[in-house]
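Reader: Please take a close look at one part of this model, a residue in a loop, and say how exposed it is. I should then be grateful for a connected account of the surroundings and of the rest of the chain.

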Amino acid sequence: MESIYKSDVVIVGSGISGLTVAISLYPRKVTLVTKRKLGEMSSSAWAQGGIAAAVSEEDSPQKHFEDTIKVSAGLSDENSVKEITEKAVSVVNFLEKIGVIFDREKGELSLSKEAAHSQRRVLKVNGDQSGKFIVEKLINYARKLGHITFVENVSIDHITKNNNNECTGVIGHIHQDQIVDNIVFFQAPNVILATGGIGSIYAYTTNPRDVYGEGISLAATAGAELVDLEFVQFHPTALDIGVDPNPLLTEAIRGEGATLVDENNNRFMKKIHALSDLAPRDIVSRAIHDLKMQGHSTFLDCRKFNSNTFKKLFPTADKYLKNANINVEKELIPIIPAAHYHMGGTKVNMDGMTSINGLWACGETSSTGAHGANRLASNSLLEAFVYAIRIARKINSLPIKNYAIRSINIKNYLPKEKTISKVRAKKYIWQLRSTMNKFVGVERSDKTLNNAFVEFDKIEREAKNLSAKLKDMLLVSRLITFAAKLRKESRGTHYRTDFPNMNTNYNQRKVLNINDLNSFLSEKEYDKKVVNE
Ligand SMILES: Cc1cc2nc3c(=O)[nH]c(=O)nc-3n(C[C@H](O)[C@H](O)[C@H](O)COP(=O)(O)OP(=O)(O)OC[C@H]3O[C@@H](n4cnc5c(N)ncnc54)[C@H](O)[C@@H]3O)c2cc1C
C-alpha cells in the first residue's frame, strides 16, 4: 500500500526542535511526522537540568558567550554562540508565553548552577522535570494553532532529491505494524530534520532507545555534508545499576553540593581541576573512566541531603534512586559516564539549511557550531529553540512552491531481501553498541578505532541482511569512528591516548560526507593494521 501526501513543509520529529519549528511556521500549513506519539521517546521529554539563559542581574549574554566559547575548546562558531546566548532571554519569554512556568523562589527565577558555567544560569521546571513540562506545553500549544497536520507512528527512511540537488520529500513506513510495504511518501520542497541525537549507538547512554542517529543516516545517504562527528559528550553521572538506558543524575545535583568520590571516600576531582566536581563534563568523565580502568569504583555522594529536600529538588532522580533501592541519606550512588549528547551532525548554516537545497536540520541532529568540541550544560535546549525559530523565519520568507503530485515507484523503497528477524538484530545491535563503548568511547586511539572498523565489518558480515535500524546504526557508528580517526589530536570530548595534546593543525571543524567514508572503507587500511599488530 502506498500513500502520498503533498505539503509545503514536512518536519520529521516531535522533540523540542520539531515542535518549535512547526509552531514558529504559523500560519504556513505544515506536516509534522513522527515515529511514535508526539514527544514520546524524545530526549527532549527527558531533559532534566533545564535551559541556560543569562537572566540574573549578575549575569549577561557576554558572560554566557565567554563560558560557551571556553568549553568548546576553540572549535565553536562565534556567530552561532553569539546568536544563542543573545536570544536566550527571548526564548524564555516565548516559553512563558505558551504557558511554561519556570521554578521561582520568593518571586525570583530559581537558577541552577551546572558544570563550567561561571554563573547560576539554568532555568528549570518542577526541579529536574524541565523537558517533560516544556514538551507538554509545546504540544498543547501546537495543537491549538490549527496549521499543523500531525502524522504519528510513521518512521522516515529516505530523503528524495531531484537532479538539481533539491530535496523533494521523504519516504517512510508506518511504524507500529511490521508491514514494510505500508509506505508513505511526503512530497515537499522543504524537509526539516529534527530527529535528535545518537546516544543509543553506545552501550551506556542516557538517551531514549529510539535515539540512534537516524537524521544523520538520512542526511548522509542523501549526500549532505556532516561536521564535528567525532565529538560525543559523555555525561559523567549516569546511574550504574545495569539499567538500559542509564538513568541520568543531573549535574544540578552537584550544583547543590553533591560530590564525586571513589570507594575510599576520596574526592578525586579536587586534584584534577580547579572547578573540582563541577569541572567540564569531558574532564570529569575521563577522570571517572580512568579510575574505573584502574579497578576503582566511582560514586555520587548525596548524603548531605535530607531525603525530603532531595525529593523536592530532584523528583526524577529521586524516583530512579527509589526504584534502585538506594537511600540518598545513607548510601553512595554508583555512577558511570554514558553517551549523552552529540555536538556533531548534519552541517547547517545560520538559517539551519544543510548543503542540500530545501533540506534543513535543527536540534541535536544538526551541527550549528554552537558547541564546538564540547557543549556547555543546558545549552542544547537553547540552541534547539533558537535555530528552530531561525529556520521558520527563513522558510516563512520564501514563497510557497506550486507543484504537481508525483507518484513514486514503491518497489524502489522496499528492502531487496528479507531483513533479519528482530531477535537476531537485537544481538548484533548490542554487539555494535558495545563496540562503540569499548573502542570509540571516552578515550580512543588509532588502534581502538581500527578495531572498531574490523568489528563493524564482522557484524555486517554475520548479520547478512541488516534490519533498517542496524543499517542506520552501523552507518552512523562508522561515520563517527572515521571522523575520530581523522582528528589526530585531543580536544574537548575527543580524547586520543595516542595524541593526548591539542594540535593547532586541527583548529578547523572537520566536514565530511558519505563518499569520504566509502573511499576510506574501500581501502581497508584498518584491516591490515589490526592483522599486523
Ligand atoms: C536524559 C537527558 C537529559 C538532558 N537534559 C538536558 C538539559 O537539562 N538541558 C539541555 O539543554 N539539554 C539536555 N539534554 C539534551 C537535550 O534534551 C537534547 O539535545 C534535545 O532535547 C534534543 O531535541 P531534539 O528535538 O533535537 O530531539 P529529540 O527530543 O530527541 O526528538 C527527536 C524526535 O525525532 C523523532 N524521530 C527520530 N527519528 C525519526 C524518524 N526516522 N522518523 C520519524 N521521527 C523520528 C523521535 O521520535 C523524536 O520525536 C538531555 C538529554 C537527555 C537524554
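Author: N165 counts as partly exposed because it has 14 C-beta neighbours inside 10 Å. The scale behind this statement places C-beta atoms from the backbone and calls a residue buried if 20 or more other C-beta atoms lie within 10 Å of its own, exposed if 12 or fewer, and partly exposed in between. The model is a predicted one, in which local features need pLDDT of at least 70 and side-chain atom pairs count only at pLDDT 80 or more, while totals for chains, interfaces and linings use all residues. Residue numbers start from 1 along each chain as its sequence is written.

N165 is found in the loop between strand 10 (154-161) and strand 11 (167-174). Helices (H or I, at least four residues) and strands (E, at least two) are DSSP runs numbered from the N terminus. Although N165 is not a glycine, its phi is positive, at about 60°.

Positive phi values recur elsewhere. K106, another residue other than glycine, has phi near 50° and sits in the loop between strand 5 (104-105) and strand 6 (108-109). K106 is exposed because 5 other C-beta atoms lie within 10 Å. Two further lysines follow helices directly. K464, just after helix 14, has a positive phi of about 55°, and K524 takes a positive phi of about 55° just after helix 16.

These two helices may be described in turn. Helix 14 (residues 446-463) has 18 residues and reaches 26 Å from its first C-alpha to its last, close to the expected 26 Å, where the expected span is 1.5 Å times one less than the number of residues. Its buried residues include L449, F453, F456 and I459. In general, an α-helix has 3.6 residues a turn, so residues three or four places apart point the same way. Helix 16 (residues 514-523) lies largely in the open, because zero of its ten residues are buried.

The backbone also holds cis peptide bonds. One joins Y26 to P27, with omega near 5°, and P27 belongs to the loop between helix 1 (16-24) and strand 3 (30-33). Another joins D244 to P245, with omega near -5°; P245 lies in the loop between strand 15 (232-239) and helix 7 (252-255).

As to the interior, the largest nonpolar core has 159 residues, and V191 and I192 have the most contacts inside it. Such a core is a set of buried Ala, Val, Leu, Ile, Met, Phe, Trp, Tyr and Cys residues joined through C-beta atoms within 7 Å. Helix 12 (residues 379-396) supplies the largest share, eleven residues. In soluble globular proteins, nonpolar side chains tend to be buried together. Leaving aside residues up to four places away in sequence, I192 touches V9, I11, V12, V21, W360, A361, C362 and I391, contact meaning C-beta atoms, placed from the backbone, within 7 Å.

On a wider view, the protein is divided into domain 1 (2-230 + 343-396), domain 2 (235-336) and domain 3 (417-532), with bounds from an automatic or database domain assignment. The contact between domain 2 and domain 3 takes four residues from domain 2 and five residues from domain 3.

Methods:
Contact = placed C-beta atoms within 7 Å.
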